[in-house]
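Q: Please choose one part of this structure and take a close look at what surrounds it, explaining each term as you go.

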Amino acid sequence: MNIKDKGLKRSIGVVGLSANIINIIIGAGIFALPAIIASKMGASSIVAYIFCGILIALVMLCFAEAGSKITNTGGPYTYIETAFGNYAGFLGGIFAIGAALFADAAVSNALVNIIGSAFPVFENTWLRVSFLFVIFGGLVYVNIIGLKQGIGLVKFNTVAKLIPLLILVTIGWIGVDFTNLEIECFPEISTIGETALILFFAFQGAETGLVVGGEVVNPKKTIPKAIFISITTVVVLYILIQSVSQGLLGSSLPNFEAVPLAEAAKVSLGPIGFTILFSGAIISMFGFLSGSVLNNPRILYALSRDNVIKLKVLSKIHKSFATPYISIICYGIIGFTLAISSSFKSLAIIASSAMLLVYLGVALSVIKLRISQKGDRTNFKIPGGITIPLLSILIISYFLSNISREEMIGTAIFIGALTIIFFLLKILNKK
């Protein structure tokens, strides 16, 4: 069932929508991942970036079509639920929240790692745990006392994270040794898949940029153009970042897993370059977390409000602050628990895998919705029939095939447990 966007003015054009998507994609992952990617593929790392860029472009087109058909609040879980019913919507919603929580835990670990590289005292376990508690506790408090405070914290991050990256890819070429960029041999397909699964973490979040679809001018033309421009821009910027870092540090790049970009800037621009990128990474990571704790608990709230998660306490609104405080608190507690339980790399892989499952559900939803809404020609429709959704499904399936056997078993057990919970809640709800 579609809900008309009453009162909204269509004023966002191609440039505005492109900028919105770019701002959301470029978060914290790109500040930490270049060293990890270089350790696996060296100078040929750009292949993984191109591969991830192709997938995210295809998936975003699927989001654009599904979002034009289903305008209810809730994002991907709403598309999946509308196409396949409550059970599929329940799984999609849980995996969407899970991906966000694991991403927050990964970024918070990266934040502590980068601070610990400058102040080794943060390598102490208890201090590390205490610092993570302060981060999550502080953000939970800020977002409970009001939406205005949370948004104000997010706005500051927008410009602050882009300036240091642009400095690196423009001025940073000083001192690049181009022999470090020579690709000696093309990587194996399995290596590309394993690397791309980790790298995909830096490409997540683009679907959030399409939430403003009800305010886009001529969406049938604007949305695909904006997706092409934004994804191309991100891929080019990421390749430039990886290339500059590789060119400056060469084979030593994998040694700087905590602050790869800051170390690269130090080689080219000296201590001031290190300071700029170091500060930019901290601001970007903290900004990512502030935005996530602002937005994602509201998905949890929506799942409860729509009775997808049958725990009505999660949809309670604070009487004084008018915020979904129970959802915010629960989200913060789970995020903190995950953050202290594992490392950035493992958390990033889990977050990518969970989000890929959500993307798979959205791609399948597009095909299902085309069948069920065959006569509706007023919505945005991806050209080429079901070619793009099918390509998305194939590439996502390939990405997922690169997770370990233990992770596959764990995912299957998790889905099984969720299935039992769903039907138990359904039975209890009937009684």
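A: A residue is called buried when under 20% of its relative area is accessible, exposed when over 50% is, and partly exposed in between, using a 1.4 Å probe and protein chains only. This is a predicted model, so local features need pLDDT of at least 70 and side-chain atom pairs 80 or more, while totals for chains, interfaces and linings use all residues. Residues are numbered from 1 along each chain as its sequence is written, and side-chain values use heavy atoms, without hydrogens and water.

Cysteine 52 counts as buried because its relative accessibility is 0%, whereas cysteine 330, at 28%, counts as partly exposed. The count of disulfides (cysteine sulfur pairs within 2.5 Å) comes to 0.

The part to look at closely is helix 8, residues 189-199, in which Ile192, Gly193, Thr195, Ala196, Leu197, Ile198 and Leu199 are buried; a helix here is a DSSP run of H or I with at least four residues, numbered from the N terminus. These buried residues of helix 8 are covered by elements that include helix 2 (29-41), helix 3 (46-69), helix 13 (344-372) and helix 14 (387-400), where contact means heavy atoms within 4.5 Å.

Elsewhere, the largest cavity is lined by Phe31, Ile114, Val259, Pro260, Leu261, Ala262, Leu277, Phe278 and Ala281, and the elements giving two or more residues to this lining are helix 10 (260-269) and helix 11 (271-305). A cavity is a set of 1 Å grid points where a 1.4 Å probe fits but cannot get out, and lining residues have an atom within 4 Å of a point.

Note on methods:
On a 1 Å grid over the protein atoms alone, a cavity is a set of points where a 1.4 Å probe fits but cannot get out, and a pocket is an open set with protein on both sides within 12 Å along at least five of seven lines; lining residues have an atom within 4 Å of a point.
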